[in-house]
Structure formats: C-alpha cells, structure tokens
Amino acid sequence: MVGGGMAGAIAALAAREAGASVLLARRGPGGTALSGGAVGVAPDAGAPSTVPFALRLRPMEAARRLAALRPAHPYAIAGVGRLAEALDFAARALPGLLAPFEDRSRFLVTAGGGVAECGLCQRSQVAGDLALARGLVAAVGFRGHLGFDARPWAAAVAGMAAAGAPPSAWAEAELFGGPEEGTLAPHELARALERPGAAEAAGAAVRAVLPAGAAVALLPPVLGLDPAVRVLERLAAAAGVPVAETLADVPSVPGLRLQAALEARLAAAGVELVSGKVELGGWPRRPLLVAGQEREARAVVLASGRFVGGGLVRHGELREALLGLPVEATVGGESGTRLAGRPAPSLTRPERRAPQPLLAAGLRVDAAMRPLGESGQPAHPRLFAAGAVIGGYENAADGTGLGAAILTGYLAGKAAAG
Ligand SMILES: Cc1cc2nc3c(=O)[nH]c(=O)nc-3n(C[C@H](O)[C@H](O)[C@H](O)COP(=O)(O)OP(=O)(O)OC[C@H]3O[C@@H](n4cnc5c(N)ncnc54)[C@H](O)[C@@H]3O)c2cc1C
C-alpha cells in the first residue's frame, strides 16, 4: 500500500482480512489527518435546510442517486453495492473511535457555524447529532481561549429548527484563561484535557455555566487525542449532561485522532508499517523501493492522496506522481476531459461554489479499481488505486471524501489480495 490515510489503511485492513501479507508505507499524514473527523458519505444535496430530518434521503439512497447523476464519481464507477459493507467494515475496524454505521445521516455543527451531513461519525460527535438530540443544546466555548466562539454554533442549531433541530443557547466556561493558555493550539488543548483531573475540572466548569434545562453540551473539538484516555466520558460525567464536539477546522484534533486510530489498528492487524517514500519506477519488472530498500510486491495499491497527500503533481502538466499516469477530471458535466496540458487558470472558476475542475482532478479507474493508462486500458493488472488519488469528485468539498476513500480502499484492498 502506498499511503497511510483512510484509503490506504482500509485497503490494507481489507487485504489482511482476505489473508494477504501487507506492507503499508507512508511518508507523512495527508488529507485524512486534516479532515473534520466525521465521514462524509453522501449528503442529501438537494434538500433545503427546512426539510425535516426524517424526510431526508438516507446515505445509501443518496449515494445511489449521486452515482446515477455523476458518472465520473467513484461511487458511479465502483458501484455502491458494497458501500454499506465497506462503511460497516471501517466502523468495526475502529470500534473505540467510530459509532456503528446505521445508514442514517448525522447532522453535525461545524467549527465555523454550519451544519454538515455525515454518514459515519466519531463517538465524540454522536450527542451533537441534531436529528437525535432532544432538549436544549448548549453550545459552550472556553472564555479564556481565543480560538472558539460558541455563538455561531448556537445560531447554526437555531437555523435548523424547521428541520426539527432542538432549541439552543450558548455559554462560556471559565477554561484556559491562564497567561499561556489563551493561544494554545487545538492539539495542545486536547493534550491538556488528557492530564489527570483535567477533564473532570473542565466538566465542572461546563456544568457551572450550563443554561437551565440544558440536555446536551456542544464543546470545541479538542476532547483528547487518544480515545482510550476517555476525556469525553470523564468530562460528561462531571458536566452532568451528554457532551459532544463540533466538527473541526484545520488543524483538526478529530482528524489527528482518526489518523492515530488507523495507525494503531494497522499495527494490531499485522500490517508492516514503514515510514518513508515509495518509488515505483521499474515496478513490476524491478522491485519497488520503500524508504530506499528494495521490496517485492505482487500487487500495489496507490492510495497516495491528491494535492495534500502528494499523489498528484504538476511538472508542466498534471500527472500522477509515482508512475506518471494520466490525470483527468470532470468539466461541465463531461467526464474524462484530459487536464494534463491545460493552463492552470482554465482549471479553476472565479465563483467559489462553482465546480472546480482542478479540485476534481485525479486518476481514472475501471470498476476493479485499476488506474487507466494513456490507452484507456488498465495500466497494469495488479496495480490498483484508492481514495483521493482517483478523480471525478471534489473530495474535500462535496461531502463524500472519506466515504469514497473507504469504499475504494475496501474494494482495492480486496482486489489486490485476490
Ligand atoms: C482540509 C480538509 C478537510 C476535509 N474534511 C473532510 C471531512 O470532514 N469529511 C470527509 O469525509 N472528508 C473530508 N475531507 C476529504 C478527505 O479528508 C479526503 O478525501 C481523504 O482523507 C483522502 O484520503 P486518502 O487516504 O485518499 O489520502 P490522504 O489522507 O491524503 O493520504 C495520502 C497518503 O499517501 C502518502 N503518500 C503520497 N505519496 C507517497 C509516496 N510516494 N510514498 C509514500 N507515501 C506517500 C501520504 O504521505 C499520505 O499518507 C477533507 C479534506 C481536506 C483537505
């Protein structure tokens, strides 16, 4: 496996489950570690915010519809027949971190004061699901810290009232007001809350400012990096109400937590983990190079990400970084447009919310997750691709990024082991 984000990790775990010996090399964290931490599967994109939660499309139905409407999306190419199986596999692989997959959308408040629809979320986010929360949701910021403002979170909940969201209020707990504390980065806050007694003290500070009748406390996304330390549970016990985190902006503690949980699971599953770069130059005629060492591989899964992970590069033209495979994208509803030689300005649009061809660029694959070469045929029968290195969708913006990484990783891992 080339790459240790969600796609490479799921591919490695799926291949291990199928009985293969697996080496996974990654040269660093990519998009997975930056993500908000919940898995976007397939939002019911057409639904206005006033449509009741109960009437929204469930993730599997929304994914089927998306696949029918967007032929270049990995859901259309891979098919969504095994999507639920793949999501269930991912949730079962990380039981301490992720809540089970139930084919039900979670409506979660974002750090910036929006609401995102996710198909799978971290346990620390469950109590903040606006479709399930009952009673007053109290958004609670840290008075001493500059980084989080609870008012937009309460406003985001109020904005979903017509859909069935509960009432909301906001408050500020007396936390992180020391001379050095007000500018601590999110991961430093998370570590501070992991110290003995800190989660309990934070819970008491939250309890002291909770509005009357508060049924849930919605907190900044900094509730510890290691789920085993149980910051969420300890803080909630002291606060006296269920507690949830908002989704995160970068730098993202839930994203780092997800990345760390994937690494721990890979090690426990017997995947050989190597830190360093993979070079594929002569493969399969010659061994591939992993952190400078020659290694034999019967099959390779490229899960090297897009621009953040380093799977795509531009040297005059856009190319896949390791084998120079052709990069394509979707422009104006047409799939398969070759972007490689086009000037960069033609690949972006000035309207921020318009489809951005550059951000949907990536490999094209067949239904077996094999990347296509110049001829339109699979580049090699034992070469597979997964995750953001595959194009045809704006993985960081269309609400399907981690969901597509899980589906394609699962399929590519099984195929590589077969
Ligand atoms: C800021 C941001 C926020 C996002 N938020 C969300 C969200 O909240 N929900 C959601 O569903 N999706 C979100 N996405 C999208 C989602 O994070 C990505 O689609 C997904 O993480 C891609 O996973 P991946 O495994 O394909 O790639 P990555 O996670 O990028 O991993 C790529 C891996 O490949 C490795 N690599 C690359 N080249 C080599 C090489 N030559 N040798 C060795 N290793 C190599 C990298 O080091 C890295 O480990 C977000 C994306 C961004 C950028």
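Visitor: Where is R230 found?
Guide: In this predicted model, R230 is found in the loop between β6 (214–219) and α9 (231–239).

Visitor: Why is R230 called partly exposed?
Guide: The relative accessible area of R230 is 46%. Buried means under 20% and exposed means over 50%, so R230, at 46%, is partly exposed.

Visitor: What is noted about phi of R230?
Guide: Phi of R230 is near 60°, a positive value, and the residue is not glycine. A291 is another case, with phi near 50°.

Visitor: Where is A291, and why is A291 called partly exposed?
Guide: A291 sits in the loop between β10 and β11 (293–295). Its relative accessible area is 38%. Because that value is neither under 20% nor over 50%, A291 is partly exposed.

Visitor: What makes H73 a buried residue?
Guide: H73 has a relative accessible area of 0%. The cut-off for buried is under 20%, so H73 is buried. Its place is in the loop between α3 (59–69) and α4 (74–78).

Visitor: How do you know that the side chain of H73 makes a polar contact with the side chain of T400?
Guide: The distance is 2.9 Å. The limit for a pair of N or O atoms is 3.5 Å, with one able to donate a hydrogen and the other to accept it, so the pair of H73 and T400 counts as a polar contact. A polar atom of the H73 side chain also lies 2.9 Å from the backbone nitrogen of Y75.

Visitor: Which residues is H73 in contact with, leaving aside its neighbours within four places in sequence?
Guide: They are L66, G392, Y393, D398, T400 and A404. Contact here requires heavy atoms within 4.5 Å.

Visitor: What about R64: why does R64 count as partly exposed?
Guide: R64 is at 43% relative accessibility. Since buried is under 20% and exposed is over 50%, R64 counts as partly exposed. R64 is found in helix α3. Its C-alpha atom is separated by 8.8 Å from that of G81, which is 17 residues away along the chain.

Visitor: What makes N395 a polar partner of the ligand?
Guide: An N or O atom in the side chain of N395 is 2.8 Å from an oxygen atom of the ligand. The limit is 3.5 Å, so the pair qualifies as a polar contact. Backbone atoms also take part: R27 has a polar backbone atom 3.2 Å from a nitrogen atom of the ligand, and M6 has a backbone N or O atom 3.2 Å from an oxygen atom of the ligand.

Visitor: How much of the accessible area of the ligand does the protein cover?
Guide: On its own the ligand has 1000 Å² of accessible area, and the protein covers 89% of it.

Visitor: Which elements give two or more residues to the shell around the ligand?
Guide: They are α1 (6–17), β1 (23–26), α2 (31–34) and α11 (401–417). The most comes from α2, with 3 residues. There are 34 residues around the ligand, and G28, G31, T32, A388 and N395 come nearest. By kind, the shell divides into 14 nonpolar, 17 polar and 3 charged residues.

Visitor: What makes a set of residues a nonpolar core?
Guide: The residues must be buried, of nonpolar kinds, and joined through side-chain atoms within 4.5 Å. The largest such core has 83 residues, and those with the most contacts inside it are M6, Y75, L83 and I406. The largest share of this core, 10 residues, comes from α11. L83 is in contact with V41, M60, A63, Y75, G403 and L407, leaving aside neighbours within four places in sequence. Apart from the largest core lies another, of 51 residues, among them L136, V157, A173 and A239.

Visitor: Which residues of helix α7 are buried, and what covers them?
Guide: In α7 (residues 186–194), the buried residues are P186, L189, A190, A192, L193 and E194. Their cover includes α8 (198–209), α9 and α10.

Visitor: Which peptide bond to P251 is cis, and where does P251 lie?
Guide: The bond from V250 to P251 is cis, with omega near -10°. P251 lies in the loop between β7 (243–245) and α10 (253–268). A cis peptide bond also joins W283 and P284, with omega about 10°. P284 lies in the loop between β9 (278–279) and β10 (288–290).

Conventions. Residues are numbered from 1 along each chain as its sequence is written. This is a predicted model: local features need pLDDT of at least 70, side-chain atom pairs count only at pLDDT 80 or more; totals for chains, interfaces and linings use all residues. Side-chain values use heavy atoms; hydrogens and water are left out. Helices (H or I, at least four residues) and strands (E, at least two) are DSSP runs, numbered from the N terminus. Buried means under 20% relative accessible area, exposed over 50%, partly exposed in between (1.4 Å probe, protein chains only). A residue is near a molecule or strand if one of its heavy atoms lies within 4 Å of it. Accessible areas come from the Shrake-Rupley method with a 1.4 Å probe; for residues, only the protein chains shown count as cover. Ala, Val, Leu, Ile, Met, Phe, Trp, Tyr, Cys and Pro count as nonpolar, Asp, Glu, Lys and Arg as charged, and the others, Gly among them, as polar.
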